[in-house]
Amino acid sequence: MMVQKLFRSVQSTFSLASSRGVTLEDEAALYRKRARIALREERFLDAIVFFSKALRLNPHDLGSRMAMAEIYHYQLMEPEKALMGYEQVLERAGH
């Protein structure tokens, strides 16, 4: 229920922002900020959702991709998802 309220606030923010000429990168930055807040509050699944939304807007955002891999690795103890995330970071970084 709390997540739904947060999503509604984000949607209303974006509706207002789009009328003011906010870019996709501005929107992605807002999702990254909300993800970092969720991390501080130890709401790891919410952080994953927000980082995922940032990645939909900017698929080249290696910081968000790496943060998700670390959340899966260290907080959620899901090594398969963590490994997949780390591999995506390396692939997109050109290694």
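**Group meeting: a five-helix chain and its charged residues**

Okay, let's start with one arginine: leaving aside residues up to four places away in sequence, Arg32 touches Glu25, Phe51, Ala54, Asp61 and Ser64. This is a predicted model, by the way, so keep that in mind throughout. Arg32 sits in helix α2, which covers residues 24–40. Is Arg32 buried or exposed? Its relative accessibility is 15%, and the cut-off for buried is under 20%, so Arg32 counts as buried. And what about its charge? Two of the residues on that contact list come back here, since Glu25, Arg32 and Asp61 are linked in a network of salt bridges. As a general point, side chains of opposite charge can pair when their charged atoms come close.

Let me zoom out for a second. The chain has five helices and zero strands, so if you read along the sequence you get α-α-α-α-α. There are 95 residues, and 32% of them count as buried. On the surface side, the chain exposes about 6300 Å², with carbon and sulfur atoms supplying 58% of that. For the contact-map people: take contacts between residues at least 6 apart in sequence, and 39% of those join residues at least 24 apart.

Now helix α4, residues 62–75. Quick sanity check on the geometry: there are 14 residues, and at 1.5 Å a residue the helix should span 20 Å. The C-alpha atoms at its ends are 19 Å apart, which agrees. Which residues of α4 are buried? Ser64, Arg65, Ala67, Met68, Ala69, Ile71 and Tyr72. When you look at the spacing in that list, remember that an α-helix has 3.6 residues a turn, so residues three or four places apart point the same way. The cover over the buried residues of α4 includes α2, α3 (44–57) and α5 (79–92). Ser64, you'll recall, is one of the residues that Arg32 touches.

At the start of α4, Asp61 turns up again: one of its side-chain oxygens reaches to within 3.2 Å of the backbone nitrogen of Gly63. So keep both items for Asp61 in view: that contact with Gly63, and its place in the salt-bridge network with Glu25 and Arg32.

Next, the other arginine on my list, Arg65, which is in helix α4. Arg65 is buried too, yet it has no salt bridge. How far away is the nearest side chain of opposite charge? That one is Asp61, at 7.8 Å, and the salt-bridge cut-off is 4 Å. What Arg65 does have is a polar atom of its side chain lying 2.9 Å from the backbone oxygen of Pro59. Beyond four places in sequence, Arg65 touches Leu55, Pro59, Gly85, Gln88, Val89 and Arg92. So put the two arginines next to each other on screen: Arg32 is in a salt-bridge network, while Arg65 has a backbone oxygen from Pro59 by its side chain.

Back to salt bridges overall. The count comes to five. Arg43 takes part in two that I want to show you. With Glu41, the N to O distance is 2.7 Å; with Asp46, the closest N and O atoms are 2.6 Å apart. Arg43 itself is partly exposed, at 24% relative accessibility, whereas Asp46 is buried, with a relative accessible area of 15%. Then there's Lys81 with Glu78, at 3.3 Å, N to O. Both ends of that pair are partly exposed: Lys81 at 39% and Glu78 at 26%.

Last topic, backbone oddities. Most residues other than glycine have a negative phi. Which residues here go the other way? One is Glu42, with phi near 60 degrees, in the loop between α2 and α3. Another is Met77, with phi near 50 degrees, in the loop between α4 and α5. Are they buried or exposed? Glu42 has a relative accessibility of 59%, so it counts as exposed. Met77 also comes out at 59%, so it counts as exposed as well. Met77 is also the residue with positive phi that follows α4, which brings us back to the helix we spent the middle of this talk on.

That's me done; happy to pull up any of these on the viewer.

Notes: Residues numbered from 1 in each chain as written. Predicted model: local features only at pLDDT ≥ 70, side-chain atom pairs only at ≥ 80, totals over all residues. Heavy atoms only, no water. Helix = DSSP H or I, 4+ residues; strand = E, 2+ residues; numbered from the N terminus. Buried < 20%, exposed > 50% of the residue type's maximum accessible area, 1.4 Å probe, protein only. Contact = heavy atoms within 4.5 Å. Areas by Shrake-Rupley, 256 points an atom, 1.4 Å probe, with all protein chains shown as cover. Expected span 1.5 Å × (residues − 1). Polar contact = N/O pair within 3.5 Å; in protein donor to acceptor, adjacent residues only side chain to side chain. Lys, Arg positive; Asp, Glu negative; His and termini not counted.
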